[in-house]
Amino acid sequence: MATDYDAPRKTEEDSPAESLEALQASRGGNAQTAVIDVDENDTAEGIDLPGADLSNEELTVIVVPEQSDEFTCSSCFLVRHRSQVAREKNGMKYCRECEG
């Protein structure tokens, strides 16, 4: 038996849809407010707004040098474990993902 997937599906559980006017009336007024979920412990400094000026902020990153069992892929420039070396050519190493 063929099934028409474009046909609207109706079940007995579906309640009749309310009109647009009834939905608007149940909401009360026309004014809508946005709600932001903020913990009491959060301060204004913890919230980043889109487009905020961050030019005077400093970023602290600890850079760990390449370990003896790691290499940097010459194609994707990701640091990988030595077991991921797929090919070594002219002193340049390539990982399995780039060679795959």
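Okay, let me start with E97: at 60% relative accessibility, this residue counts as exposed. Keep in mind that we're looking at a predicted model.

So who does E97 pair with? Its side chain meets that of R80 in a salt bridge, 3.4 Å from N to O. E97 sits in helix α2, residues 96-99, while R80 belongs to strand β2, residues 79-81, so this contact ties together parts that lie 17 residues apart in sequence. And the partner is tucked away: R80 is buried, with a relative accessible area of 15%.

How many salt bridges turn up in the whole structure? The search finds two. The other pair I want to show you is E99 with R87, where the closest N and O atoms are 3.1 Å apart. Here E99 is in helix α2 and R87 in strand β3, residues 85-89, so the pair links parts 12 residues apart in sequence. As for exposure, E99 is partly exposed at 34% relative accessibility, and R87 is partly exposed as well, at 31%.

Now, the cysteines. How many disulfides does the structure hold? Zero. Take C76, which is in no disulfide: the nearest cysteine sulfur, in C73, is 3.7 Å away. C76 is partly exposed, with a relative accessible area of 28%.

Then there's C95. Why no bond there? Because its closest cysteine sulfur, the one in C98, is 3.5 Å off, which is too far; a disulfide needs the two sulfurs within 2.5 Å. Is C95 buried or exposed? Buried, with a relative accessible area of 0%.

That's what I have, thanks.

Notes: Residues are numbered from 1 along each chain as its sequence is written. This is a predicted model: local features need pLDDT of at least 70, side-chain atom pairs count only at pLDDT 80 or more; totals for chains, interfaces and linings use all residues. Side-chain values use heavy atoms; hydrogens and water are left out. Buried means under 20% relative accessible area, exposed over 50%, partly exposed in between (1.4 Å probe, protein chains only). A salt bridge is a side-chain nitrogen of Lys or Arg within 4 Å of a carboxyl oxygen of Asp or Glu. Helices (H or I, at least four residues) and strands (E, at least two) are DSSP runs, numbered from the N terminus.
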